[in-house]
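Open the structure in your viewer and keep the sequence panel beside it. This tour takes a few selections in turn and says what is found at each stop.

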Amino acid sequence: MISSAPGPSVESAEGSGLKRPLDFTLVLSGGGARGFAHVGVLRALNAAGFAPSAIVGVSMGAIVGATYSLNPDWYRLLVTMDTEAFPGPVPLWHGSSPRLLRRAQTGFRGARAMWALMRGWGAGEGSAATANALLRTLTQGRDLDGGRVPVAICATDLRTGERVVLKEGPAADAVYASAALAGVLPPLERDGYLLSDGAYADLAPVDVARGFGATIVIAVDPIQQPSDRPIHNGFQALMRAVEICHLRHADLRFEGADLVLRPRFRRAIDVLDFAAKRECIAAGVHAVRTRRSDIADVLGTAAGGDPGRSPTHSHLH
């Protein structure tokens, strides 16, 4: 298991050259392709002089967090990450009377996705080997407890429904388990568990972050609110209901953080729309820049203030 080591000292945002210990744990939640916003958040935090002393990652947040901790070239590798082999969005949501060709194409792709679910683990099963190789590259084939900051990865055991927290062992395996979307990628069998995407059990494991001993927990929430697309059939109604339940549960979990950063996207971005990667990264950068004063305040490092004063638990959202 990983012990909670003191956070690294970084230069202050004012560029004075003074070293200030910034003791906070960063929670990077799920969100699929929107989770690339975490890359921008980390980049902007570091540029502003804020470095997490520990990271808790879920799903895409696990990929970003582990890469940040284990690979010095984390930013370039994540920005240029090849996602071509991964399945794209399945257009099951269509209007009440689309054109005949569009409806036929949508129906065919939907049927193919359903067939992949019935005969195997899902549309991304053929990409599992590629995904594992990519994760080994991102994490340099290292163990989870060998990084520059402690990292905890959360996955879901599909057999019991329990949250499983991973802090040691091969990082690529832990990250894969946390990001393995049910119906898209095969789950990971490990230590008697059948591990899948960590967001099913807990999208924002703030209590795990508190376990690292940090005084402050900052969480990043790349979830989008329900779209305003019209609902025309039972499938669309079901998907919207599931989406609403997921969002309300997430809201309750994020309430436990001292500060929540919520990247805003200019359009609706599908969980599997990895073509929007750079757009999501930019949204993460913007989220930090617009909340920089709040970040400084909650960490007790406002310009001109006493770096040793007690942080303000203001639960800024």
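Begin with a hairpin: select strands β7 and β8, which are joined with 2 residues between them. The model is predicted. In the turn, click on Asp191, whose phi is positive, at about 50 degrees.

Now colour the two strands of this hairpin. β7 covers residues 188–190 and pairs with β8 in the antiparallel sense, over 3 bridges. To see a facing pair, show Arg190 and Tyr193; Arg190 stands opposite Tyr193, which belongs to β8.

Keep β8 selected and add strand β5. Which strand sense links β5 and β8, parallel or antiparallel? The pairing is antiparallel and runs over 2 bridges, with β5 at residues 151–157 and β8 at residues 193–196. Show Thr156 next: its bridge partner in β8 is Ser196. With both pairings on screen, β8 has β7 as an antiparallel partner and also pairs with β5.

Hide the strands and go to the helices. Select helix α1, residues 37–47, together with helix α9, residues 277–290. Two packed helices are described by the angle between their axes and the distance between the axes. Here the axes come within 6 Å and cross at roughly 40 degrees. Because of that angle, α1 counts as oblique to α9. The crossing of α1 past α9 is right-handed.

Show the side chains where these helices touch. On α1, the contact is made by Ala37, Val39, Gly40, Val41, Ala44 and Leu45. On α9, select Cys280, Ile281, Gly284, Val285 and Val288, which make the other side of the contact.

Stay on α1 and turn on the surface. Is this helix mostly covered or mostly uncovered? It is mostly covered, with 8 of its 11 residues buried. The buried residues of α1 include His38 and Leu42, and also Ala37, Val39, Gly40, Val41, Ala44 and Leu45. Then move along the chain to Gly49, which follows α1 and has a positive phi, near 95 degrees.

Finally, zoom out and select the whole protein. Its secondary structure comes to 10 helices and 10 strands. The chain has 317 residues, and 51% of them count as buried. The exposed area is about 14,700 Å², of which carbon and sulfur atoms supply 54%. How much of the contacts with a separation of 6 or more comes from residues 24 or more positions apart? Such residues account for 73% of those contacts.

Methods
Residues are numbered from 1 along each chain as its sequence is written. This is a predicted model: local features need pLDDT of at least 70, side-chain atom pairs count only at pLDDT 80 or more; totals for chains, interfaces and linings use all residues. Side-chain values use heavy atoms; hydrogens and water are left out. Helices (H or I, at least four residues) and strands (E, at least two) are DSSP runs, numbered from the N terminus. Buried means under 20% relative accessible area, exposed over 50%, partly exposed in between (1.4 Å probe, protein chains only). Contact means heavy atoms within 4.5 Å. Accessible areas come from the Shrake-Rupley method with a 1.4 Å probe; for residues, only the protein chains shown count as cover. Two strands pair if DSSP finds at least two bridges between them. Axes are lines fitted to C-alpha atoms, for helices over the stretch in contact, and angles run from 0 to 180 degrees between N-to-C directions. Angles under 35 degrees count as roughly parallel, over 145 as roughly antiparallel, 65 to 115 as roughly perpendicular and the rest as oblique. A crossing is left-handed if the near helix is turned anticlockwise from the far one by less than a right angle, and right-handed if clockwise.
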